[in-house]
Amino acid sequence: ITQGGNLEADLAKQGKVDEEIVDNTAVFIDNMATKMESRGEPTGLAFPTNDEGDDHSFDIGYGHKITAAEASSGTIHGIKYKNDDGTDRKLTLAEMKTIASKDYEHHVNLARKVGWDSKLKAIGTSWDALDEQYKMALGSLAYNVGGAKAGEDWTAVLKAAKNKNLASFAKELRRQDAGKYSKGMDNRVAKELYYAGLITSLDDVATQLPLATELK
């Protein structure tokens with residue numbers, strides 16, 4: 001709020017900014033689901049996971065892994081993916097996007113609870129104080145690797161986010177796939193940065209993500 005300004009106008013402006021942040025995050029989550037997690041157009045039906053070394057799990061929608069509790073209840077975040085008789089129910093596009101959004105929120109909150117909030121406090125900042133664009137990319141990291149793992153293992157990337165150091169952030173956000181760096185994972189990180197609005201070209205992170213070949 002500006003000193004000596006109109007309180008009502010300042011609060012209205014702040015409210016507009018908060019709404020824009022929510023809208024921007026919603027757009028980012030939609031892009032994350034449809035352009036980062038999707039392996040082709042999802043059918044809305046459960047299918048055996050493509051994860052290496054996992055021959056028993058099922059995924060649905062935009063990379064949601066069905067838990068034992070969900071398999072038992074036939075629902076995911078309150079959305080039915082099974083009919084009452086136990087047969088598969090085809091999810092709508094809107095329902096799949098809702099699940100992705102709920103998953104994103106869950107993994108961010110889990111990462112914060114497990115470690116990010118305490119790590120951010122240790123470096124003199126907080127989640128709410130981070131720039132929105134950096135938070136979106138961090139959210140995708142949590143979604144992709146799992147909130148618990150993100151909260152435990154990722155520390156240096158938080159300092160880079162606090163300092164808005166894009167080169168360091170991209171370097172620390174980079175991760176391996178099955179124990180090695182890959183074009184697919186470098187593309188994933190590049191897209192996280194692009195859809196968060198942190199880069200406009202692969203040239204911006206050519207040193208940090210040398211295997212990346214696409215942004216969209």
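Helix axes are taken here as lines fitted to C-alpha atoms over the stretch in contact, with angles running from 0 to 180 degrees between N-to-C directions. The model is predicted, so local features need pLDDT of at least 70 and side-chain atom pairs count only at pLDDT 80 or more, while totals for chains, interfaces and linings use all residues. Residues are numbered from 1 along each chain as its sequence is written, and side-chain values use heavy atoms, without hydrogens and water.

Helices H6 (residues 156–163) and H7 (residues 166–173), from DSSP runs of H or I with at least four residues, have axes that come within 8 Å and cross at roughly 155°. The pair is therefore roughly antiparallel (angles over 145 degrees). Contact (heavy atoms within 4.5 Å) involves Ala-156, Val-157, Ala-160 and Ala-161 of H6, and Ser-168, Phe-169, Glu-172 and Leu-173 of H7.

Phe-169 and Leu-173 reappear among the residues with the most contacts inside the largest nonpolar core, which has 49 residues; Tyr-104, Trp-116, Leu-138 and Leu-193 complete that group. Such a core is a set of buried Ala, Val, Leu, Ile, Met, Phe, Trp, Tyr and Cys residues joined through side-chain atoms within 4.5 Å, buried meaning under 20% relative accessible area (1.4 Å probe, protein chains only). Two or more residues each come from H1 (7–37), H3 (93–122), H4 (132–145), H6, H7 and H8 (183–195), and H3 gives the largest share, 8 residues. Beyond its neighbours within four places in sequence, Leu-173 is in contact with Ala-137, Leu-141, Val-157, Val-189, Glu-192 and Leu-193.

How values were computed. Parallel < 35°, antiparallel > 145°, perpendicular 65-115°, else oblique. Buried < 20%, exposed > 50% of the residue type's maximum accessible area, 1.4 Å probe, protein only.
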